[in-house]
Amino acid sequence: MKKFRQIQKVVNFETALNYVNKISIEKTGQKLKKPEIAILNGCWQGMTYEQISNSSAYSTNYLMRDIAPKLWKTLSKILEDNIGKTNFRLKLCSLYESTVGKTENLTEENISEASSKNWQNASSSPSFFYGREVELRTFQQWLLEDRCHLLNIWGLNGLGKTSLMKRLGEQIQDRYDVVIWRNFAAPPNLSELVEDLLSSVFVIPKQNEEQLLPQLIGVMRSHRYLILLDGIEAIMQPHSLAGKYLPGYENYDLFFKAIERDSHQSCLVTTSLENAYSSTNNNNSVRHWKLTGLSTAEAKALLKAEQINNEEAETKVISYYLENPEKLIFIAQIVRQLFNNNIQEFLTQKLRIFGEIHRLLNDSFDRLSVLEKEILYWLAAESQPMCLPEIQNNLPLSIYPVELIEALKSLVQRSLLTTEQIEG
C-alpha cells in the first residue's frame, strides 16, 4: 500500500510572476515591465542589485535608484502589504497560499517532485578549478558516511572556497532531496533566512518567529536538506576580534547550534574568511577545514594551462603567492599582457602586491581590529618566525598578556598567522 503525506505546493517564480501580473492588471491596468521583472526574478533568487545587473541588460544604478523604489511602492499598494527586496518572495508565497494555493496529497514516490535543487544564484565554477581531490574525498566522507551536520570551509580570499563548495554540492546533490545555495553578500537576518529555506520548497503559513527554527529542523528530519551558505563572514563583526556577530545577527548562534545538536538527516556547509563558529560537543557533528593553497603540482598545472612555461620562475612565483590559485591566475594574466609571457622578466620588477592581489588581501585586512593590525605590522617587520615568549618580550605595545593571546588567536582564525611545531 502506498503511504501518503501532506506536502504543500511549491510556488515557482513563473507562477508568482503570473500571480503578480494578474493583480497588477486588475488594479492598475498594466503588466510589469521588463526591468521590474528582472528585479523580481533576481530577488526571488536572493541576488544583490549588482548581481541582477550583471545578469541583465540594465545598469545597477538604473535598477536600484530608478526602478526598484517605484516597484516596491507599487507592489506594497496593490498587494496591500509592506513589500521590499528582502521579503518579496516570502510575502508573495504567503499571500498566494492564503488566496490560491491548496495542499495536496503526494505519494512517497512523488515526494521528490516537491524537492528543489536551487542553484540559480550560485557562482559559476571558474575555469581555474584545479586539484582539491583530497578535500572533496574528505568532505564526502564527513557528510555522507560520518553524518556530519555542519561543515565550515574557511581561509583567505582567492583559494577557491566558493568553487570548492559548489563542486562538492554538485557531486553529492543526488543524495539529498533539497539543495539550496545562498550568497551572503547581503546577509538576511535569521528569521528571513529560515523562512527562505522553508519556502524554497513549501508554501508556509505566516507564523511567529519562535516557531520557524523548530519547524525547519523538523523538515530537515523528514527531508534531506543540503544548505550551502557562501561568505558567512558577512554576519560577523568587523574591526573586532574574530568570532563576534554583528548586532542583530547574534541569534545565528542558535541556528548553528540547533543544526549541530538536533537529530536530523541534513547538512549545512558554509564558506567564510574566518573560522566563524565553534563546536560545543565532541560528537563530530561539526567539522572545520582551513583551506590552504594548491599543491605544488596542481599550481604548476594551473600555470601551464595559463601558458606560463619556465620551471625555475614558476617555482618562485608559486612559493611567493603561497599556491593561491586566484593570485596565480592574476599574475599569469599580467605576465601575458605586459611581459610577453616572460615570467622571469616579471620577477625582476620586484612587484608583488598590486591590483587584484591587493584587493584579495584587503578583504581580510580591513576586518581586523586596531590591535590586530598593530601586531601584524610588527610581526611582518620582524620577518622571522617567533615563539610566544619572544613576542611577549619584544612587542612594543603596552597590553595585557590575555589581550595579546586573544589577538594572536583571532589572527590565526583569520588565516593571517600560521603556527608550526618546533622540536627542541
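This is a chat about helix packing and nonpolar cores in a predicted model.

Reader: Hi! Let's begin with H7. How many residues does it have, and how far does it reach?

Author: Happy to help. Helix H7 covers residues 161-172, which is 12 residues, and reaches 17 Å from first to last C-alpha. The span expected at 1.5 Å a residue is 16 Å, so the two are close.

Reader: Which residues of H7 are buried?

Author: Lys161, Ser163, Leu164, Met165, Lys166, Leu168, Gly169 and Ile172.

Reader: And what covers them?

Author: The cover includes helix H6 (133-145) along with strands E4 (150-154), E5 (178-183), E6 (225-230) and E7 (267-272).

Reader: Nice. Switching topic: which residues have the most contacts inside the largest nonpolar core?

Author: Tyr252, Phe255 and Phe256, in a core of 32 residues. At least two residues each come from E5, H8 (190-199), H9 (209-222), E6 and H10 (252-261). H9 gives the largest share, 6 residues.

Reader: What does Phe256 touch, leaving out residues up to four places away in sequence?

Author: Phe256 is in contact with Leu150, Ile232, Ile235, Tyr245, Leu268 and Tyr277. There is also a second, separate core of 27 residues, with Phe13, Leu40, Met47 and Leu79 among them.

Reader: Back to helices, then. At what angle do H8 and H9 pack?

Author: About 40°, and their axes lie 10 Å apart. Angles from 35 to 65 degrees count as oblique, so H8 and H9 are oblique to each other. Their crossing is left-handed.

Reader: Which residues make that contact?

Author: From H8, Ser191, Val194, Glu195, Leu197 and Leu198; from H9, Glu209, Leu212, Leu213, Gln215, Leu216 and Val219.

Note on methods
Residues are numbered from 1 along each chain as its sequence is written. This is a predicted model: local features need pLDDT of at least 70, side-chain atom pairs count only at pLDDT 80 or more; totals for chains, interfaces and linings use all residues. Side-chain values use heavy atoms; hydrogens and water are left out. Helices (H or I, at least four residues) and strands (E, at least two) are DSSP runs, numbered from the N terminus. Buried means under 20% relative accessible area, exposed over 50%, partly exposed in between (1.4 Å probe, protein chains only). Contact means heavy atoms within 4.5 Å. A nonpolar core is a set of buried Ala, Val, Leu, Ile, Met, Phe, Trp, Tyr and Cys residues joined through side-chain atoms within 4.5 Å. Axes are lines fitted to C-alpha atoms, for helices over the stretch in contact, and angles run from 0 to 180 degrees between N-to-C directions. Angles under 35 degrees count as roughly parallel, over 145 as roughly antiparallel, 65 to 115 as roughly perpendicular and the rest as oblique. A crossing is left-handed if the near helix is turned anticlockwise from the far one by less than a right angle, and right-handed if clockwise.
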